[in-house]
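The following exercises are to be worked with the sequence and the structure at hand. Each task is followed by a solution in steps.

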Amino acid sequence: MKVIVNTGTSIIQAFYEKKGSTLKNEYRQATAVAFMDLRDMQKLSLKSRDKIKIKSEWGEVVLYADVSYDAPHEGIIFIPKGPWANIIISPETYCCNVPTYKGIPAEITKTDEEVLLVSELMNKVYNKYNLNNSNLSEKPLYKKKGDEQ
Amino acid sequence: MIEKPIKDYDKEVKNCSCSYCGNNCDDITYLLKNDEIVGVRHACRIGASKIINDQDQRLLSPMIRNDEGILEETTWDVALDKTARLLHNSTRPVLYGWGETSVEAIKKGIKIAEITGSVIDNQSTICHGTSIQAFQNVGHPVMTLGEVKNRADVIVYVGTNPMDDHPRHLSRYTTFPEGFFRRNGRQDRTIITLDPKYTNTAKVSDKWIQFNMDEDYLLFNALRMLLKGEELEEKEVAGVSTQQLEELIKIMKNAEYGALFFGLGVSQTLAKQKNVDVLIQLIEDLNRYSKWSMLPMRGFFNVSGFNIALTSETGYPYGVDFSRGYPRFMVGETTTIDLLNRREPDFFMAVSADPGVQFPGYTIKHLVNIPTIQVDTHWGPYTELSDIVLPSTRVGVETEGTAYRMDSIPLFMKKVIDKPKNCHSDEWILTELYKRIEQLKQEDE
Amino acid sequence: MEYILKNGIVFDPKNNVKGEQMDILIKDNKITDEVSSNAKVLDVTGKLVMPGGVDLHSHIAGPKLSIGRLYRPEDIRRGIKPPSRNDISGFEAGFSLPTCPTIGYRYTKMGYTTVTEAAVPPLEAKHAHEEINSIPNLDIPTLTLFGNNWFMLKYVKENRLDDLKVFISKWLKLAKGYGVKIVNPCGSEAWGWGKNVDGLDDAEPHWEVTGRQVITSLTRVNEELGLPHSVHVHTNDLGHPGNYETTLETFDCVKDIKKNRNVDRNQIIHCTHVQFHSYKGTSWRDVSSGATELIDYINKHNHLTCDVGQITFDETTTMTADAPMEYDLFRLTGLKWANKDIEVETASGLIPAIYSQHAPVSVLQWAVGLEFFMGVKDPWKIALTTDSPNAGPFIRYPKIISWLMSQEKLQDMLDNDVHSWATKRTDLGTYNREYSWDEITVITRSSPAKILGLEDRGHLGLNAKADISVYDIDVDDFDPTLKSNSETIENKLLNSKYTIKDGEILVKDAKIVKLVKSNHIWCNVKGLENSERLLENRIKPEFNKYYTIKYENYGVNDHYIKPDTQVNVEYMGENYESN
């Protein structure tokens, strides 16, 4: 189904972000979510917390679907700002320095794929350090001084 | 979620200044037990989470990536030396962030940018930078929030949802409190929200006007036309009926004191700064009939302070490029997202900011190919992309310093508890970096 | 450190030294009459020596400047100068809105050592002081805005001058302010409703208080406290044709108030940028100069002083707490308008201004300013300002001096350069006066220092502050009255040979050689502490209700004012000079 993506702050996402809990499941549950008009959900036979894959010109990512309390806004989905939304929004600034966070055309489909935690997502999408995803979790991965491997 | 009141504390510290959003509420009480903060009074949910935050995800020691790509703890000397060397040897460094640190630290950052020929930029570049461009195009009719509290009888929120982003904005500054000329608070005021969504702010407003996304420019121009007495041929503009628009402009025109707040819903949608241009012109026009002023809803608690400090020191508000030894500012050229999209930078340092949370994926991809430094308090998406991590302290909790509210009122933020042992303030870290870079420059000569 | 400034031609009007060749001795930060044999000799034989420059009214720090810079990048670009090699000062940026460091560099190079920031709202005083920390090399007193403050309006309305006195004393401490500034009293408060007041006796609609009541009450309180500076007034009706009558009434409304016995200054009211307040007529079409009447009043009375606010024919930026006037200008010019209303205290506004020598109104304003310079007979009653940057940026002072010193130059401008309104609509053409170096020293040093009540500067007497400027002008071989020399005057005065502040050489041969932190000068009234505490307790609940920050977070703490000079005033009760 074709949709327009709107991103922005939600109070729950901001709560976990400001708390410093971005690696944790609670942040994923609050942020990796597409809030949809109930009528749109029904069109795809989606229940709350079902998973969807969303694809734009710039990338694709798996999110939870949930009912929007700000409806009606048929055809528009809202994703809290964060590492998941970033993958599909447009970097285009039109020479005005602000990328395009709102009004991105995208397509959504129902999926069984998992919604990734932040550490997994960053490693999988950007792959800067070639880490093994199975080592990544809600806990920070680092070596203490003098740790033996 | 019902939380029990906290009774088990041994000390209260009053009138602390919150370190979350541009509201900078300065009436916060911290409750302490054994020199730890165990409770927070008066803060909103998000503010409280910033003050009592996750300690198991705190960055507690400087770290550098080892050969396996894993961050490994190291000493401050090693981490600072390496950072200074990387920055000194780079040709197109970008120093980004600054929204959640003190003006004192920001001023050190500007000095580093100057001596290293860096670009220094803050979150304006992804948020209200377009609003600042509009101020530069058209004008800047603003006020402090107390003017709204004391005088305003009509308040308009456009493309912003303070109930979620700036939770105490309505209760502390605009809608609910008693004002000198508005003794009955909420009852004396008309609140109108313009938003494509039925937001929590719309829900507490007297009037919600839903308009089509990306059609802000059209909408505001139509309002200007109506104000000037022109007639609209269309029955509907941006999804809003002409009749609704006529009613709206009538309320605005008849206000005794009107205040308009706008957010990223205006500055980030398609026409960007052009949206804000028209909005400013609307405010200017309204001042022929009554009194109106406006304010962008600034996000981080010191994003405005960075703009102020940078203009004091360099003349320009954000996106300042020192590569020629003197400041240059060119929207779309010397601004972070454009630089990264063009794959120009060869060094990137984020201070009290998380590009992993804030930047588009396409933009972030360049950070994979260049040295990246993080100066921050907590583990976050950007840590997963950082080569060197320098753990810092929380302003207003562990470190004192100055911040500017969204309406540019300066506030002095207190130090209330001790910092974690091996963390240092942003100001200290940047001062140390500055010294080391000066040393490297002397060695070059 | 000790210095002997040798063989300069010294102008020190306060001590009656009018161009004598003599040595000035410096020990540490003071002028002295004896130095040891270790003293370093600076040979300035034949060169022009004056006390360090004192500016009593300029806009250099605080929110207005920030807004200006933020919304006028085109002005920043105009003043860009890359850092020069081997120079310790950095880049410069900004023309009418220079960056903080640039302000310090430019003033120091002009030989100025004290500059007053003329309008600071207490709520944002931390901002002003923070900016002062980024301006190098100056002593900076700040004037605190009181002319539209709600507590003041309440006390005036209820005629509680004792409370007002304690309030002013306390608020100067909170804002770390030096003196009392009044801007368009009641008008800026009326602007809270998009209105203005018309003249001295038009009451503000809500408070029912007039500008006259505000000015007389604050003047009384200022004199009872014995503050070093008098009230500093930007009168109502700025920039409106016909406003000279309001100005005249303002001059006159305080004349019976007695001056405090302990102060050094002569005046009880300082009226600032009088040029903007001296127009006759009913519109910009039939406008003409009202300066003659005002000059006549000033010449006949001793209770007031003024500065000029001289137009310099530049594209500049206007900024003032007189916000309704800025909106009027916006309606007139359509240039981009900035406004900032500040809760409980004031409003403020900005707009770019283009003063052209071909535009009749600009030229009229230019000529009115010069009329004051020419017409006010006693130079101790007047000070040179441009209300920087309102009528032009401060770097134009030397240019103005070149006009004042040469009738030939001025006549040439009237004949060839400027619009005919200069002579048709003003009396400028009737004057025939040339300023001497002695008089220039008065209007740029001695008189502003005396008006401000800063007794330790503006002269070179024993124990005066060692603030000295030396210019590369051979006084006895240089004729400043020649038109052909006017450019030389400007260049030499823009680039001092030496600027010495507190006995330290900051500029040598037009190059900045040392940067020091600027000094925050503020006024501390002693003896009212108990009353201040009681007042504070009464005010706090109201304060916390109507401001949006807590009283406890309002004041400027010591963090922001390092280093500072606290000017102590002992409160002695009613202590007036007899007439």
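**Exercise 1. Pairing of a strand in chain B**

Task: In this predicted model, identify the residue that G258(B) faces in strand 15 of chain B, and then describe the surroundings of strand 14 of chain B.

Solution.
- Step 1. The residue opposite G258(B) is W292(B), which belongs to strand 15 of chain B.
- Step 2. This pair is part of a wider arrangement: strand 14 (residues 257-262) of chain B and strand 15 (residues 291-296) of chain B are parallel partners, joined by six bridges.
- Step 3. Strand 14 of chain B also pairs with strand 9 (residues 154-158) of chain B, again in parallel, through five bridges. Within that pairing, V158(B) has F262(B) as its bridge partner.
- Step 4. Burial is considered next, with a residue counted as buried if 20 or more other C-beta atoms lie within 10 Å of its own. By this criterion six of the six residues of strand 14 of chain B are buried.
- Step 5. In a regular strand, side chains alternate between the two faces of the sheet. One side of strand 14 of chain B carries Y257(B), A259(B) and F261(B), the other G258(B), L260(B) and F262(B), and both faces are covered.

**Exercise 2. Contacts between the chains**

Task: Establish which two chains share the most contacts, and state how chain A is placed with respect to chain C.

Solution.
- Step 1. Two pairs of chains touch, and the most contacts are between chains A and B.
- Step 2. On that interface, 62 residues of chain B meet 55 residues of chain A. The chain B side comprises 23 nonpolar, 24 polar and 15 charged residues.
- Step 3. Strand pairing crosses this interface: strand 7 (residues 142-143) of chain A runs parallel to strand 5 (residues 71-73) of chain B, with two bridges. Y142(A) is positioned opposite L71(B) of strand 5 of chain B.
- Step 4. Chain B also touches chain C, through 50 residues of chain B and 46 residues of chain C. Among the elements of chain B that each supply at least two residues to this side are helix 4 (129-137), strand 8, helix 5 (145-151) and helix 13 (303-314). The chain B side here divides into 21 nonpolar, 19 polar and ten charged residues.
- Step 5. Chains A and C make no contact, and their closest C-alpha atoms are 16 Å apart.

**Exercise 3. A sheet built from two chains**

Task: Give the strand order of the open sheet that has four strands from chains B and C, and determine which strands form its edges.

Solution.
- Step 1. The order is 8(B)-16(C)-17(C)-15(C), with mixed pairing.
- Step 2. The edges are strand 8 (139-143) of chain B and strand 15 (315-320) of chain C; each has a single partner strand, so one side of each lacks a neighbour in the sheet.
- Step 3. On average, neighbouring strands of the sheet are turned by 10° against each other, direction ignored.
- Step 4. The link between the chains is the parallel pairing of strand 8 of chain B with strand 16 of chain C, made by five bridges. H140(B) has A338(C) as its bridge partner there.
- Step 5. At the other edge, strand 15 of chain C is antiparallel to strand 17 (residues 346-354) of chain C, and six bridges join them. T316(C) faces A353(C) in this pair.
- Step 6. Helix 11 (residues 323-333) of chain C packs on the sheet and touches strands 15, 16 and 17 of chain C; its direction makes about 35° with that of strand 17 of chain C.

**Exercise 4. Two packed helices in chain C**

Task: Classify the relative orientation of helix 9 and helix 10 of chain C, and list the residues that make their contact.

Solution.
- Step 1. Helix 9 (residues 244-253) and helix 10 (residues 291-300) of chain C pack at about 10°, and their axes are 10 Å apart.
- Step 2. Angles under 35 degrees count as roughly parallel. Helix 9 and helix 10 of chain C are therefore roughly parallel to each other.
- Step 3. Helix 9 of chain C contributes Y244(C), T247(C), L248(C) and F251(C), while helix 10 of chain C contributes E293(C), L294(C) and Y297(C).
- Step 4. These contact residues comprise five nonpolar, one polar and one charged.

How values were computed. Residues are numbered from 1 along each chain as its sequence is written. Chains are lettered from A and ligands numbered from 1 in the order in which they are written. This is a predicted model: local features need pLDDT of at least 70, side-chain atom pairs count only at pLDDT 80 or more; totals for chains, interfaces and linings use all residues. Axes are lines fitted to C-alpha atoms, for helices over the stretch in contact, and angles run from 0 to 180 degrees between N-to-C directions. Angles under 35 degrees count as roughly parallel, over 145 as roughly antiparallel, 65 to 115 as roughly perpendicular and the rest as oblique. Two residues are in contact if their C-beta atoms, placed from the backbone, lie within 7 Å. Ala, Val, Leu, Ile, Met, Phe, Trp, Tyr, Cys and Pro count as nonpolar, Asp, Glu, Lys and Arg as charged, and the others, Gly among them, as polar. Two strands pair if DSSP finds at least two bridges between them. A residue is buried if 20 or more other C-beta atoms lie within 10 Å of its own, exposed if 12 or fewer, and partly exposed in between; C-beta atoms are placed from the backbone.
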